[in-house]
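Student: I have a model open and want to work through it by question and answer. Can we start with one residue and build outward?

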Amino acid sequence: MDPKQKELNLTTIKEVLRQYLQEKNFRNTPERYTILEEIYNMDHHFNVDDLYLLMMQKKYHVSKATIYNTIEIFLDAGLIRKHQFGEKTLTSSSYEKSYFDKQHDHLVIYKKDSDKEIQEIIEFCDPRIQGIKDAIEDAFGVNIDSHSLYFYGTKKD
């Protein structure tokens with residue numbers, strides 16, 4: 001992404017956060033914007049520990065509790081998406097930025113002979129899944145706003 005577009009995106013998500021905080025009567029703190037910017041500069045999934053370590057390396061003084069609370073705000077505001085990939089970590093949830101991203105699905109590849117240690121996560125979008133979603137909407141008379149689809153496995157030899 002070119003730097004100009006990246007800056008426009010950051011401006012947009014900061015405004016989304018500002019409006020959300022105002023609507024919910026939450027404090028409008030600089031730490032929240034700093035955390036949001038760090039998340040939107042990432043190009044991968046992250047967990048709270050990853051984010052906390054990144055913030056400490058960059059000399060931002062935020063507690064892990066602040067990060068947990070801020071993550072909950074970002075989830076509710078639609079700025080990030082939460083995943084449970086089944087990995088064996090201290091913080092078992094993974095997150096990713098979501099405001100500009102279209103719906104996509106995940107293939108979680110575990111390391112062979114490990115106890116759910118993730119080797120790789122591949123994101124994909126298959127148009128056939130949209131057809132399945134449409135069929136479910138028709139069959140049950142619902143509107144599906146979003147979905148999660150995970151495949152788990154190991155690489156073939």
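## From one loop residue to the core

Tutor: Threonine 29 has 11% relative accessibility, so it counts as buried. Keep in mind that the model is predicted.

Student: Where does threonine 29 lie?

Tutor: Burial alone does not place a residue in an element. Threonine 29 is outside the helices here: its place is the loop between α1 and α2.

Student: How far apart in space are threonine 29 and serine 146, C-alpha to C-alpha?

Tutor: In sequence, 117 residues separate threonine 29 and serine 146. In space, their C-alpha to C-alpha distance is 30 Å.

Student: In what order do the elements of the protein chain run?

Tutor: The protein chain has five helices and five strands. Read from the N terminus, the order is α-α-α-α-β-β-β-β-α-β.

Student: What share of the residues in the protein chain is buried?

Tutor: The C-alpha trace spans about 45 × 45 × 30 Å along its principal axes. The chain holds 157 residues, and the buried share is 34%.

Student: Which element gives the largest share of the largest nonpolar core?

Tutor: In soluble globular proteins, nonpolar side chains tend to be buried together. The largest nonpolar core here has 25 residues, and Leu17, Ile39, Leu51, Ile67, Ile71, Phe74 and Leu79 have the most contacts inside it. The elements giving two or more residues to this core are α1 (3-24), α2, α3 and α4 (64-77). Six residues, the largest share, come from α1.

Student: Which residues does leucine 79 touch, not counting those up to four places away in sequence?

Tutor: Leucine 79 is among the core residues with the most contacts inside the core. Its partners beyond four places in sequence are Ile13, Val16, Leu17, Leu36, Tyr40, Phe74, Lys97, Ser98 and Tyr99.

Student: Is α2 roughly parallel or roughly perpendicular to α4?

Tutor: Two packed helices are described by the angle between their axes and the distance between the axes. The axes of α2 and α4 come within 10 Å and cross at roughly 75°. An angle of 65 to 115 degrees counts as roughly perpendicular. That makes α2, relative to α4, roughly perpendicular.

Student: How do the residues of the contact of α2 with α4 divide into nonpolar, polar and charged?

Tutor: From α2 come Arg32, Ile35, Leu36 and Ile39. They meet Thr66, Ile67, Thr70, Ile71, Ile73 and Phe74 in α4. The division is seven nonpolar, two polar and one charged.

Student: Are the rings of phenylalanine 46 and tyrosine 95 stacked or tilted?

Tutor: The model has five aromatic pairs. In this one, the ring centres of phenylalanine 46 and tyrosine 95 are 5.8 Å apart. Their planes stand at 35°, so the pair is tilted.

Student: How many residues apart in sequence are the parts that this pair ties together?

Tutor: Phenylalanine 46 and tyrosine 95 are both buried. Phenylalanine 46 sits in the loop between α2 (30-41) and α3 (48-57), and tyrosine 95 in strand β2 (residues 94-97), so the pair ties together parts separated in sequence by 49 residues.

Student: Which residues is serine 93 in contact with, leaving aside its neighbours within four places in sequence?

Tutor: Serine 93 lies in the loop between β1 (80-83) and β2. At 11% relative accessibility, it counts as buried. Its contacts beyond those neighbours are Phe46, Asn47, Lys82, His83 and Gln84.

Student: Which residues do ring pairs link into a cluster?

Tutor: Return to the aromatic pairs, five by count. Ring pairs form a cluster of Tyr110, Tyr150 and Tyr152.

How values were computed. Residues numbered from 1 in each chain as written. Predicted model: local features only at pLDDT ≥ 70, side-chain atom pairs only at ≥ 80, totals over all residues. Heavy atoms only, no water. Phe/Tyr/Trp six-rings, centres within 6.5 Å; stacked < 30°, edge-to-face > 60°. Helix = DSSP H or I, 4+ residues; strand = E, 2+ residues; numbered from the N terminus. Buried < 20%, exposed > 50% of the residue type's maximum accessible area, 1.4 Å probe, protein only. Core = buried A, V, L, I, M, F, W, Y, C linked by side-chain atoms within 4.5 Å. Contact = heavy atoms within 4.5 Å. Axes fitted to C-alpha atoms, helices over the stretch in contact; angles between N-to-C directions. Parallel < 35°, antiparallel > 145°, perpendicular 65-115°, else oblique. Nonpolar A, V, L, I, M, F, W, Y, C, P; charged D, E, K, R; others polar.
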